[in-house]
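Hi,

Here is the structure I promised to pass on. Have a look at it first, and then read my notes underneath.

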Amino acid sequence: MDDLRKRAKELLETSAVKVVIGYEQGTANKTRALFVEKAEDADCLIFDSRCVQNLATYVTKREVKDKGKMAITATLPVMRSIIQLASEFQVNDNNLLVLGITPESKLVEFKNLSEVETFVHQYQIEIDAKNKEMLDKIAKMTQAERWKFWIDELSPCFKCYACRAACPMCYCHRCTVDFNQPQWIPVPSHELGNLEWHIMRAIHLTGRCIDCDACYNACPLAIPINLLTKRMLEDVKINFGSYQPSIKADHLMSTYKPDDKENFIQ
Amino acid sequence: MSKIGVFVCHCGENISATVDCAKVAETASKYDGVAFSVDYKYMCSDPGQSLIKSAIAEKGLTGVVVAACSPRMHEPTFRKACAEAGLNPYMCEMANLREHCSWVHEKGEATTEKATDLVRILVEKVKYNQSLNEIRVPVTKTALVIGGGIAGIQASLDIANTGHKVILIEKDPSIGGHMSQLSETFPTLDCSQCILTPRMVEVAQHPNITLYTYAELESLEGFIGNFKAKIRRKSKSLDEKLCTGCGLCTTKCPTKKIPSEFNEGLGNRPAIYVPFPQAVPNKPVIDRIHCTYYTKGKCRICEKVCPTQAIRFDQEDQIVEVEVGALVIATGFNIKQTDFFPEYGYGKYPDVITGLQFERLASASGPTLGEIRRPSDGKIPEKIVFLACAGSRDPAKGIPYCSKICCMYIAKHAMLYQHKVHSGKSYVFYMDIRAGGKMYEEFVRRAIEDDGVNYIRGRVSKIYEKNGKLIVNGADTLLGAMPIEIEADMVVLATAGIANDGAEELAQKLHISYDPYRFFAEAHPKLKPVETNTAGIFLAGACQAPRDIPESVSMASGAAVKVACLFSQDELTREPIIAVVNRQAPPAYSSCVGCFLCVSACPYQAIEKEEIRNRNGELIKSIAKVNPGLCQGCGTCVAFCRTKSIDIQGYTHEQMYTEVLALLNEY
């Protein structure tokens, strides 16, 4: 990824951006996020198949935003996240430059976010076969079996909130669980409390989640919480047609159209 | 520390018959923070209100819970009483012991227990109540009337005569509505157009009325006193200022065979047309769907013959934006067509017609110039059968209601037929004769006794064609359901009155509710018959249910008075039950992150962007802001906000949570 390093260097040298967000070699053969502010540090930037962390989660952080204009190394899921964030007024052309990396690992630089949007729209969001199989399996369970499945899966969760920290859409300064006057969602990690937290998270991500799996990858217990959001994504597809994040389009969950299906009322 | 007063009302026996009110009051007196608790026979009476007022004064109450009927009934009464005693009216809450408890449960301990629960949750809530002040908003003293039938005309004239401006919009090229299609009117048999057209002219000439024909409501935003309406003025392809209404174009138009809407398909009209001779305005429009120029790109004959060069083929629809304070909806009704009835020939027999088509046949301005002639061959029918309740009062057809006007107009039709065809025989099949109204019963008797119309109580199972006759198979239920077969020349179906086309869509644009039959719903069937559940929007005429002319007119005048009442004030006060986005100390300023998903979620377009800037004018943060004038307090944004940054005043998260806990916790 020599072009990436070269371009990052140029951008920083010309002060076109103040910080380049990318990946660097971490410990234990893992990669981690890198924030390059000096041109000479750009050599630490790497990109390979291990770089799956969704970097879009950093562009809404005040510590990063306050540095000035950002450039971000963006794989397809990251670009999708950025488009969703743009539609929610969290990023714009003035504070973000996207250094896109195509699924063929080629570097493309976009002039503006609407170019990113056009690029992203070439690819449909597809749930992979393995997860699809799992979703089907869960859908076929009886109510009691499904209840048991989720209670079993979610009860080990100790609410470290790594899923929330890893998710680019969880950028709220005050999360619903942090709202404690009153405390609608219980904080202790007991079975029902865990269930409430994960259901609430899935609902808040419906129509916004772009299926990057960052939450699942971040979970220290490898709880398949991404199945919840994937299921919501499927429902969104069934009820509103194929889903693509879009800067200008109306939000799925907050808009009403007279021809919306109302098959949830049964 | 709260000092709360609990006032338990017996509502005569409405509550006390099943709830032990004294026990409810006694239990409530033991709750934390309750300083005073009492039960009384009629809390809404003067002595009852005095009880509340004196308790506020003597005990220094900080909150009041009145356990009585629905807040929809008496909340204003008790809030006012509290205000008179010096307590902020929004420190008063009502527990609904009547509709929510005593009326729906039997006498017993469990019922009393539920009543105490209802009181307790409100006691806990009121501890978190905060003083609120009413919101004042100005009133735009212009009314928008939708629909130019007799109801819309009457409402417009009445409002205009009180000195206020009216904008009247009508979707067709002329005002007049269904009434202009009628031949004579019951029970006096005076000519419909003769009594209607002076009103139509008055509308056109009234200085306070702006008339937009060929126009429809595009969208409506805002709230009582401050609506913003967008009106689509469909292109008439005509410069109305230049057009003199000479009508030359309509005679020269080569496309002449378009079924006339005004004549219910019994006559034809050209593509450039005036619907009827007395139309207001008496200027043509081009029907772009049928016009040869718009369909094939050639013709423009009307343009060539027009002496004032008024034709404008390139004219586009115009959107007019108006600000109005109130709306009267008078969009009228429609009728089922004959094709709705498989048993009566699916609409394929030309001589089976609707009541409205018969009106056109009987009308002097109709296609037969007032002679009753059957559509198929133009012969004068010697035997004619009228069928009441065609579709109406028939749950199997999905129309269980009575269309109300048919009994009367069928008597009128039969009478007109007998007056015009002296040798003719007329039959009326009916279920019941519903002739409630001044001079109505006498009118029907006149048809039966003086004009010799044969009334047969029974329904018709089948109509079929045989040798140029229509064979009507029915039964006479007053003669032991004896089968009856009539060889008729013509059959008139009094088809059911139904909601007008597009009623559902319009209701959604206006945010008003409608019934299962898509008629618009009144706010209260008895006491608020012209109001809708959306403040500032009123109903007139048959858009609410099938209505005859006198009813439509009186309803229109009623709606006009409601508008005039509204316009008699310069300012309106509104309840402060609205959403508010929280504000916090810097550097957060608000827990709102400015995702603005609430903006699209808000059904009232009440949420806007607020930019928080520092002293140098630099943008620090953009957050949502609720416009207190527009917010209706529905709470959709509250449910939507992920950060819980929005609260409804008087129904905050904390108050709701407290209520739930009060129910769940043991006391």
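Met439(B) sits in the loop of chain B that runs between strand 22 (425–430) and helix 13 (440–449). Its backbone caught my eye: phi of Met439(B) is positive, about 70°, although the residue is not a glycine. With a relative accessible area of 47%, Met439(B) counts as partly exposed. Keep in mind throughout that this is a predicted model.

There is a second case of this kind in chain B. Lys404(B) is not a glycine either, and its phi is positive, near 70°. You will find Lys404(B) in the loop between strand 21 (383–390) and helix 12 (406–420). Lys404(B) is partly exposed as well, with a relative accessible area of 40%. As background, most residues other than glycine have a negative phi, and most peptide bonds are trans.

That brings me to the peptide bonds. In chain A, the bond from Gln181(A) to Pro182(A) is cis, with omega near 5°. Pro182(A) belongs to the loop between helix 7 (162–166) and helix 8 (191–205). In chain B, Pro586(B) and Pro587(B) are joined by a cis peptide bond, and omega there is about 10°. Pro587(B) also lies in a loop, the one between strand 31 (579–581) and helix 16 (597–601).

Now for the chains as wholes, starting with B. Chain B has 667 residues, of which 53% count as buried. Its secondary structure comprises 18 helices and 34 strands. Measured out along the principal axes, its C-alpha trace spans about 90 × 75 × 40 Å. Looking at contacts in chain B with a separation of 6 or more, 68% are between residues 24 or more positions apart. The exposed area of chain B is about 29500 Å², and carbon and sulfur atoms supply 51% of that. On the charge side, chain B carries 75 positive and 75 negative side chains, with the centres of the two sets 5 Å apart.

Chain A has 266 residues, and 50% of them count as buried. It contains 10 helices and five strands. Does its radius of gyration point towards or away from a compact globule? A compact globule with 266 residues would have a radius of gyration near 18 Å, and the 20 Å of chain A agrees with that. The C-alpha atoms of chain A fill a box of roughly 60 × 45 × 40 Å along the principal axes. For contacts in chain A between residues at least 6 apart in sequence, 65% join residues at least 24 apart. Chain A exposes about 13500 Å², with 53% of this coming from carbon and sulfur atoms. It has 34 positive and 36 negative charges, and their mean positions are 2 Å apart.

How do the two chains meet? In all, 23 residues of chain B contact 23 residues of chain A. About 2000 Å² is buried between the chains, and carbon and sulfur atoms give 60% of this area. Arg642(B), Lys644(B) and Tyr657(B) stand out here: they supply 31% of the area that chain B buries against chain A, more than any other three residues.

Finally, two buried residues that you may like to click on. In chain A, Ile82(A) is part of helix 3 (residues 76–87). Its relative accessible area is 0%, so Ile82(A) counts as buried. Beyond its neighbours within four places in sequence, Ile82(A) is in contact with Ala56(A), Ile72(A), Ala74(A), Val91(A), Leu96(A), Val98(A) and Leu113(A). Pro186(A) is 104 residues from Ile82(A) in sequence, and the two C-alpha atoms are 31 Å apart in space.

The other one is Val139(B), in the loop between strand 5 (135–138) and strand 6 (142–146) of chain B. Val139(B) is buried even though it sits in a loop; its relative accessible area is 12%. Setting aside neighbours within four places in sequence, its contacts include Gly225(B), Leu566(B), Phe567(B) and Leu572(B). Between Val139(B) and Ala326(B) there are 9.0 Å from C-alpha to C-alpha, with the two residues 187 apart in sequence.

Cheers

Conventions. Residues are numbered from 1 along each chain as its sequence is written. Chains are lettered from A and ligands numbered from 1 in the order in which they are written. This is a predicted model: local features need pLDDT of at least 70, side-chain atom pairs count only at pLDDT 80 or more; totals for chains, interfaces and linings use all residues. Side-chain values use heavy atoms; hydrogens and water are left out. Helices (H or I, at least four residues) and strands (E, at least two) are DSSP runs, numbered from the N terminus. The radius of gyration is taken over C-alpha atoms; the globule rule is 2.2 Å times the number of residues to the power 0.38. Buried means under 20% relative accessible area, exposed over 50%, partly exposed in between (1.4 Å probe, protein chains only). Contact means heavy atoms within 4.5 Å. Accessible areas come from the Shrake-Rupley method with a 1.4 Å probe; for residues, only the protein chains shown count as cover. Lys and Arg count as positive and Asp and Glu as negative; His and the chain ends are not counted. The place of a charge is taken as NZ of Lys, CZ of Arg, CG of Asp or CD of Glu. Buried area is the accessible area (1.4 Å probe) that two parts lose on being put together, summed over both.
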